[in-house]
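Open the structure in your viewer and keep the selection tool at hand. This tour moves from one stop to the next, saying what to select and what is there.

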Amino acid sequence: MVTELHIKEVPQKQLGINPKKFILWLFMVSIVMVFAALTSGFIVRQAEGNWIIYELPSQLWISTVILVVSSLTAHWALKSAQKSNSLQTKLGLWVTFGLGLVFLSTQVWVWEILVQHDVYLVGNPGGSFLYVLMGVHAFHLISGLIYLMIMLVKSYRANEVSEIQFQLSLSTTYWHFLGGLWIYLYVFLIIYH
Amino acid sequence: MSTANIDLMDEMGHDDHDHHEQGFLSKYIFSTDHKTIAKQFLISGIIWAIIGGLLSVVFRLQLGFPDMDMAWLRPILGEWINIDAATGMGKLDTEFYLALVTMHGTIMVFFVLTAGLSGTFSNFLIPLQIGARDMASGFMNMLSYWFFFASSAIMFISFFISTGPASGSWVIYPPLSALPQSMSGAGLGMTLWLVAMALFIVSTLLGGINYIATVINLRTDGMSFTKLPLTIWAFFLTAIIGLLSFPVLLSAALLLILDRSFGTSFFLSEIYIGGEALPNMGGSPILFQHLFWFLGHPEVYIVLLPSLGITSEIIATNSRKPIFGYKAMIGSMMGIAILSFVVWAHHMFVTGMNPFAGSIFMLLTLIIAVPSAIKAFNYITTLWKGNIIFTPAMMFSIGLVSFFISGGVTGIFLGNAALDIQLHDTYFVTAHFHLVMGSAAFFGMIAGVYHWFPKMFGRMMNRKLGYIHFWTSFIGIYLIFFPMHYIGIAGFPRRYYSFTNFDAFSTFTDLNAFISIAAIATFAAQLIFVFNFFYSIFKGRRATKNPWNSTTLEWTTPIEPGHGNWPGAIPKVYRWPYDLSKPGAKEDFIMQDVPYAETPESNLPHEQELAGLEDKGDNTIKVD
Ligand code: HEM
Ligand SMILES: [Cu+2]
């Protein structure tokens, strides 16, 4: 039987971002909401008065710079993986990981300084909020470190680092996100503390 | 690990995939198949619904028959029934009464109508209706269920500790919930509640992220957003609301945990307990309410939207008519989703908030009634002049519309900041949300089970039992909640153990007894459903491939779809999901995967053109 159809009706391929990348983004959205809640709670509570005022330790600058640099090294590791440069990739990952640890220690150092200035977790919410914001961020940073560790293991297992460049691009995105989140928190604290 | 999943999904395209056997564990327990996970959520939800319902029976006994001897409940409730030494009468422990109400609310709102509803139908229908082999990440999906399971286990365990489960109500307002010494249920029970809810939030987020990613990325060819069934739109928007609101509850819970266990004062200020001042200074319990209701109000729509989606589908199919106002439905769901984030303070009118803020929130609250009303109208206009087929699913869907309207109307009263001074925290509120949220969402869920049971288990549920179940539930629910409005208007507050202590309320003794009897009868009627459900899984009549003559893709799968859903290629989509009773068509429905080229008799001019079938005056078109 002859079938002569001139069909224009071709079902369109639907837009497809890589689902894993998309999942990562959604995950980051949920983290943003956690901090949106905490920082807006901060503002609402502050507006009610009875709020201690203190100097924000200047050491927070140091941790901020460290985290920014670690973002650069993370980026460098990714770029090296795309160029199949195994050595530089691993080096980049290690340096990022190390800087992440240094960042965490700086945050702990800041807490010690806060305690010296009589700002405690327990007490006026003005102080408690600072600890909570830093603490919850540090918690997420630790998850970022674990993610980096996994990528390090993968980079040693892979025959070619370029094989893991997609996964690396995800972990790098997450790391940049954690950096960006910190900068948001820092700016927020400078304005509202 | 999720890598493995993506690979698996590609693999499933091959036809030879089916014959590799899965073990029992990976098939039924730690399954990553969305259909199995959906059934796990459904059955867990049913179990929780029974538990939650039983709790309400106990406190309704107390409310309806305050003088009753409850000694017979001692075998189950043990120490929670206090035996009076002199008379030998058993009385419900007052603090346990509060625990019952708290757990009833928590279980119903979160475990049944969030996890049980979204977990079941989003999981089951999203891949099937958008034409995907599975979720974006089957592994995360499995984790989502098991987090829910862990959360359930902890919540369940909290019933068996000596101080009892959490008792600060489902909204867990501090200071009651923040001070373990305030009441027995604020101790370990509250801690377990918080742990369980934290796990629950993780579960919801894992699930929700997956739903969103799947809807956006895994739609089959041709399935554009304007061809998505309204069910999928509803699940999609629900997941987005959840993604944005549940993290806020997590933050609130975190601060509450710090207050409880680490001595901070986020929510606590200048409190005396037993005559002694607590060290906490400078906290704000109102802050907690803001954080809670920022989740809490969107949460009520998280509960309701999936049911509305299910209803849209069922009403259209069984009216044999396209849904009225498809785009308006999507638009109003979007409107609801956005507005649901800006009305939370209507739960806080009487917290001493600035009256100006109160009127802003009042305005926004009344605005959200508009998209809700649009939806209600669209259901009714879809039914209008339809060839209605009264399947049990259809009856429950119509029941939903009824509850949604009668409960929504009282929302407008409550949304008035001035009226709310009288009505707040009375049984009027209880009546309002049990109709509009509780019963409506519950009916949607039940309707969904009746409608998609054939796809889930390859068998049909018994119709007669379905009708009995519908009429008893429908009448029963109105008998319970309608009188409650009067009790509320009279000013009777929620969460009171006993009202006979107040002369003003003793006139309501009979009405309360009546409500209790209705509640117990309605609960009993649900057992018909439970029986029908489990019986039909094994003994139900075998289903046909498309028992309701629906148009959506899930009915193109085999009667019992296997792993990967379609044995061959995934169908492509050519048309919207509501080509029902299209003029000229051979049958009264055309499925979504039928090209316009095959239906020249019913195509509209622009569709004709799309299909390349526009009349050219020659006879080139011959379809075999
Ligand atoms: C017409 C739209 C609606 C309006 C104007 C409205 C308004 C309100 C207001 C003002 C309250 C607070 C009453 C008080 O505590 O004093 C309230 C409570 C409530 N509403 Fe609605 N509502 C509407 C629809 C809904 C819908 C669709 C749902 C659920 C799907 C819902 C669920 C609830 C719940 C659960 C509560 C009580 C929460 C609690 O205190 O335990 N409402 N509603
Ligand atoms: Cu609300």
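Which residues lie nearest the centre of the largest cavity? Select B:Ser56, B:His104, B:Met108, B:His434 and B:Phe481. Bear in mind throughout that this is a predicted model.

**Stop 1: the largest cavity**

Stay with those five residues and widen the selection. The largest cavity has a lining of 45 residues. Its space is about 1000 Å³. Now colour the helices around it. In chain B, helix 3 (34-64), helix 5, helix 14, helix 15 (463-489) and helix 16 (509-539) each supply at least two lining residues. Helix 14 of chain B gives the most, with 11 residues. Colour the lining by class next: 31 residues are nonpolar, 11 polar and 3 charged. The structure holds 4 cavities of 30 Å³ or more.

**Stop 2: the second largest cavity**

Select B:Thr114, B:Ser118, B:Thr204, B:Gly208 and B:Tyr211, which lie nearest the centre of the second largest cavity. Here the lining has 21 residues, and the space is about 190 Å³. Helix 5, helix 6, helix 7 and helix 8 of chain B are the elements that give two or more residues to this lining. Helix 7 of chain B gives the most, 7 residues. Check the classes: 10 nonpolar, 11 polar and no charged residues.

Zoom in on B:Ser118. Find this residue in helix 5 of chain B. Is B:Ser118 buried or exposed? B:Ser118 counts as buried because its relative accessibility is 10%, under the 20% cut-off. Show its contacts beyond four places in sequence: B:Asn123, B:Tyr211, B:Thr238, B:Ile302 and B:Pro306. B:Tyr211, among these contacts, is also one of the residues nearest the cavity centre.

**Stop 3: the copper ion**

Select ligand 2, the copper ion. Which protein atoms are its donors? They are ND1 of B:His297, NE2 of B:His346 and NE2 of B:His347, at 1.8 to 2.0 Å from the ion. Along the chain, the donors follow the spacing H-x48-H-H. Draw a distance from the copper ion to the iron atom of ligand 1: it reads 4.6 Å.

Follow the chain between two of the donors. B:His297 sits in helix 9 of chain B, while B:His346 sits in the loop between helix 10 (326-339) and helix 11 of chain B. The two are 49 residues apart, so this pair links distant parts of the chain. B:His297 is buried, at 6% relative accessibility. B:His346 is buried too, with a relative accessible area of 14%.

**Stop 4: helix 10 of chain B**

Select B:326-339, which is helix 10 of chain B. This helix has 14 residues. From first C-alpha to last it reaches 20 Å, close to the 20 Å expected at 1.5 Å a residue. Show its buried residues: B:Tyr326, B:Met329, B:Ile330, B:Ser332, B:Met333, B:Ile336, B:Ala337 and B:Leu339. What covers them includes helix 8, helix 9 and helix 11 of chain B.

**Stop 5: the second largest pocket**

Here the space is about 1200 Å³. Select B:His346, B:His347, B:Leu414, B:His432 and B:Phe433, the closest to its centre among 47 lining residues. You have met two of these already: B:His346 and B:His347 are donors of the copper ion. Helix 5 (94-130), helix 9 (285-319), helix 11 (355-383), helix 12 (392-414) and helix 14 (427-457) of chain B give two or more residues each. Helix 11 of chain B gives the most, with 9 residues. By class, the lining has 29 nonpolar, 14 polar and 4 charged residues.

**Stop 6: the largest pocket**

Finish where the two chains both take part. About 1800 Å³ of space lies in the largest pocket. Select A:Phe27, A:Ile31, A:Ser143, A:Tyr174 and B:Leu206, the closest to the centre of the 44 residues in its lining. Chain A gives two or more residues from each of helix 1 (19-47), helix 4 (125-157) and helix 5 (165-192). Chain B does so from helix 1 (2-11), helix 6 (138-157), helix 7 (188-217) and helix 8 (230-262). Which element gives the largest share? Helix 4 of chain A does, with 12 residues. A last colouring by class shows 33 nonpolar, 9 polar and 2 charged residues.

Methods. Residues are numbered from 1 along each chain as its sequence is written. Chains are lettered from A and ligands numbered from 1 in the order in which they are written. This is a predicted model: local features need pLDDT of at least 70, side-chain atom pairs count only at pLDDT 80 or more; totals for chains, interfaces and linings use all residues. Side-chain values use heavy atoms; hydrogens and water are left out. On a 1 Å grid over the protein atoms alone, a cavity is a set of points where a 1.4 Å probe fits but cannot get out, and a pocket is an open set with protein on both sides within 12 Å along at least five of seven lines; lining residues have an atom within 4 Å of a point. Grid points are joined across faces, edges and corners, and a volume is the space filled by probe spheres set on the points. Helices (H or I, at least four residues) and strands (E, at least two) are DSSP runs, numbered from the N terminus. Ala, Val, Leu, Ile, Met, Phe, Trp, Tyr, Cys and Pro count as nonpolar, Asp, Glu, Lys and Arg as charged, and the others, Gly among them, as polar. Donors are N, O and S atoms within 2.8 Å of the metal (3.2 Å for Na, K and Ca); water is not among the atoms, so sites may look incomplete. Buried means under 20% relative accessible area, exposed over 50%, partly exposed in between (1.4 Å probe, protein chains only). The expected span of a helix is 1.5 Å times one less than its number of residues. Contact means heavy atoms within 4.5 Å.
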